[in-house]
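Here is a short report on one protein model. It goes from the whole chain to a set of paired strands, then to single residues.

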Amino acid sequence: MEHAGLTLAVIGLLALGSQWLAWRLKVPAILILLVAGIAAGPITGLLDPDALFGDLLFPLVSLAVAVILFEGSLTLNFHELGGHGRTVRRLVTTGAFLTAVLAAAAAHQLLGLSWQMACLLGALLVVTGPTVILPMLQTLRAREHLTQILRWEGILIDPVGAIGAVLVYEFVALGSGAAGADSGSAALAHTLVQFAQTLLVGFGFGAIGGYAWGQVLRRHLLPQRLHSFGTLMIMLGLFTASNALFHESGLLTVTVMGTWLANMRGVPTRPIIEFKETLSVLLISGLFILLAARLTVDQLAMLGWPAWAFLGFLLIIVRPLAVWLCTLGSRLEWREKALLAFISPRGIVAAAVASLFALRLEEIGVEGADMLVPITFLVIITTVVAQSLLARPVGQWLGVRRPSANGVLIIGANPVARQMGQCLRDAGLGVLLVDSSWDAVQEARRQGLTAYYGDPLSEHAAQHMELTGIGYLMPLSPYRELNDLSALHFEHLLGQGQVFRLAVDEGRQARRQHARAIDHVPYLFGRGMTFAKLSSLIERGASFQRHTLAEPPRSRGTERKGSVPAAEPLVCIGASGRPRITTADAPLTPRRGDSVIRLVMS
């Protein structure tokens, strides 16, 4: 018991270290987790998941994959599927089907898999996923419409591909079971009957469970604090009950339930998604280390030239062909299509589902099941590494990268933030406001500003907040912790000198405790400009005003009681569109032709 406890603690620390290293290197975490697992398992022999968990390994992996699929399906909104252009719709439907078919044919011919196993592998390798594509897009900085196509393909194909993979798996698993008892047409007929029963149970339980639980959430029959916990327990209960009623139907049930909740009006899914995000990080981190550690030296030895030929066929033939067909009739030029064809990393759902399916199929003796995991991991690691390293140079060579990002992300949608956002927008900059107050977000949108409703630090924000063209961060929220944490969070993405912190009016002890981690971040508008002061000035009639400077100022201006100097510029935007923002250590001197924003009393 002590040894098992120590091993679990080491796995947790290894998972934390892998997540931190991935954050520092700006690569998808799955890459570091898989490498860590392979190093701890087949290479060094330090970790043996089968010996550690025994018969509990399969149930634990099953529950973890169920949670991952449920969280992914909660983001599948059919309105979004139809609202992002013909190219995205084609990529997640026609493109996904074509990829699965061609990958299955290649797996059968090159890897020698049976048609059943080849079809399952092809269905698994359809999924990309936002966790691998979003970090790549942040580094790539492609043209806005290309970024949106790749971003929404990754978000939407995650649950769509998972549903397809689960359906193919049900058919393969049931067919293998039937083949053991019958043969020929009788086996096929038996398989089709069982498959129909699986669909009936999975879709029936999922739809009924999703509708019933949606009513509970919508009518607030449960306290708000129990919504996330209750959803998790109901989901796991339905998963177990579905499997008990008809074997292997649980994954389909939870996927359908999540999709139903995501498309049911009036159901508050945002807090549930945020809870699941935290839980998924925990599950994914430990799960992938364990799954990678289960690989054996013999399985790694299977990765000979047929495996690499299969990988090359996927990347060089299948993806470009799918992109070409899905972009017929679009306005994309060949360079843009070439970038879309180059980027197709595989991610979390493919790895998790492949490992679960392999465990079950090996258990029932399906030939070729032992090749699912090593081939899937080979595709994931190769595509993530190669495309993360080469996406930026390829984009530069093709000439499809966008100019420097000059847009501003403003934390807050209060009156202070809205006034600053309007001035920046009128100066020609892209502006995005983010706030957890729905009323503030609605008011910002009524004023013509782009605003995101939610927590800027959440995984949901990372996947859905439109950061295309954003290069700077202004924290203008009344919440000090949110301002400072946002600065630290987005500094890794935007870079030092591009994010700012807002001064606070506190005692020396509080300042000293809070300043350690954020001390290097410059003060927005100076050390004396707190949110309380800005808000007070706005309430008393001050306003941010913008004008174009015809001549450079000869003096710094005169003071007005209770305000900043009338001539003191807060933001200057030059002809290039790049904003210069005044800080405590770098006051601004406007130049001829600058668009200048000041805070003045009316």
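The report below starts with overall figures and then turns to the strands.

**Overall figures**

This is a predicted model. The protein has 24 helices and eight strands. It has 602 residues, and 53% of them count as buried. The protein exposes about 26500 Å². Carbon and sulfur atoms supply 61% of that area. Take the contacts between residues at least 6 apart in sequence: 75% of them join residues at least 24 apart.

**Parallel strands E1 to E4**

Strand E1 covers residues 407-411. Two partners are listed for E1 here. E1 runs parallel to strand E4 (residues 470-475), joined by five bridges. E1 also runs parallel to E2, joined by four bridges. Strand E2 spans residues 431-435 and pairs in turn with strand E3, residues 450-453. That pairing is parallel too, over four bridges.

Individual bridge partners give the register of these pairings.

| Residue | Partner |
|---|---|
| Isoleucine 411 | Proline 475 in E4 |
| Isoleucine 411 | Valine 434 in E2 |
| Leucine 409 | Leucine 432 in E2 |
| Leucine 433 | Alanine 451 in E3 |
| Valine 434 | Tyrosine 452 in E3 |

Isoleucine 411 thus has a partner in E4, proline 475, and one in E2, valine 434. Valine 434 in turn stands opposite tyrosine 452 in E3.

Helices link the strands. E1, helix H19 (residues 415-426) and E2 make a right-handed β-α-β unit. E2, helix H20 (residues 438-446) and E3 make another right-handed β-α-β unit.

**Burial of E1 and E2**

How many residues of E1 are buried? Five of its five are, and the strand is mostly covered. Gly407, Leu409 and Ile411 point one way from E1. Val408 and Ile410 point the other way. Both sets are buried.

E2 is largely enclosed by the rest of the structure, because five of its five residues are buried. Val431, Leu433 and Asp435 point one way from E2, while Leu432 and Val434 point the other way. Asp435 is buried along with the other four residues.

**Helix H22**

Helix H22 runs over residues 480-494 and includes leucine 488. Serine 486 has its place in H22 as well.

Is serine 486 buried or exposed? Its relative accessibility is 0%, so serine 486 counts as buried. Leaving aside residues up to four places away in sequence, serine 486 touches Ile411, Pro456, Leu457 and Leu473. One of these contacts, Ile411, is a residue of E1 that is itself buried.

Leucine 488 counts as partly exposed because its relative accessibility is 28%, and the buried class requires under 20%. Leucine 488 and valine 521 are 33 residues apart in sequence. In space, their C-alpha atoms are 8.4 Å apart.

**A nonpolar patch on the surface**

Which residues make the nonpolar surface patch? Trp20, Leu21, Trp23 and Leu25 do, with an area of about 430 Å². Tryptophan 20 is found in helix H1, residues 2-25.

**Summary**

E1 pairs in parallel with E4 and with E2, and E2 pairs in parallel with E3. The five residues of E1 are buried, as are the five of E2. Serine 486 in H22 touches Ile411, the residue whose bridge partners include proline 475 and valine 434.

Key:
Residues numbered from 1 in each chain as written. Predicted model: local features only at pLDDT ≥ 70, side-chain atom pairs only at ≥ 80, totals over all residues. Heavy atoms only, no water. Pairing = 2+ DSSP bridges. Helix = DSSP H or I, 4+ residues; strand = E, 2+ residues; numbered from the N terminus. Right-handed = clockwise from strand over helix to strand, strands pointing away. Buried < 20%, exposed > 50% of the residue type's maximum accessible area, 1.4 Å probe, protein only. Patch = residues over 30% accessible without salt bridge, like charges linked within 9 Å, V, L, I, M, F, W, Y side chains within 5 Å. Areas by Shrake-Rupley, 256 points an atom, 1.4 Å probe, with all protein chains shown as cover. Salt bridge = Lys/Arg side-chain N within 4 Å of Asp/Glu carboxyl O. Contact = heavy atoms within 4.5 Å.
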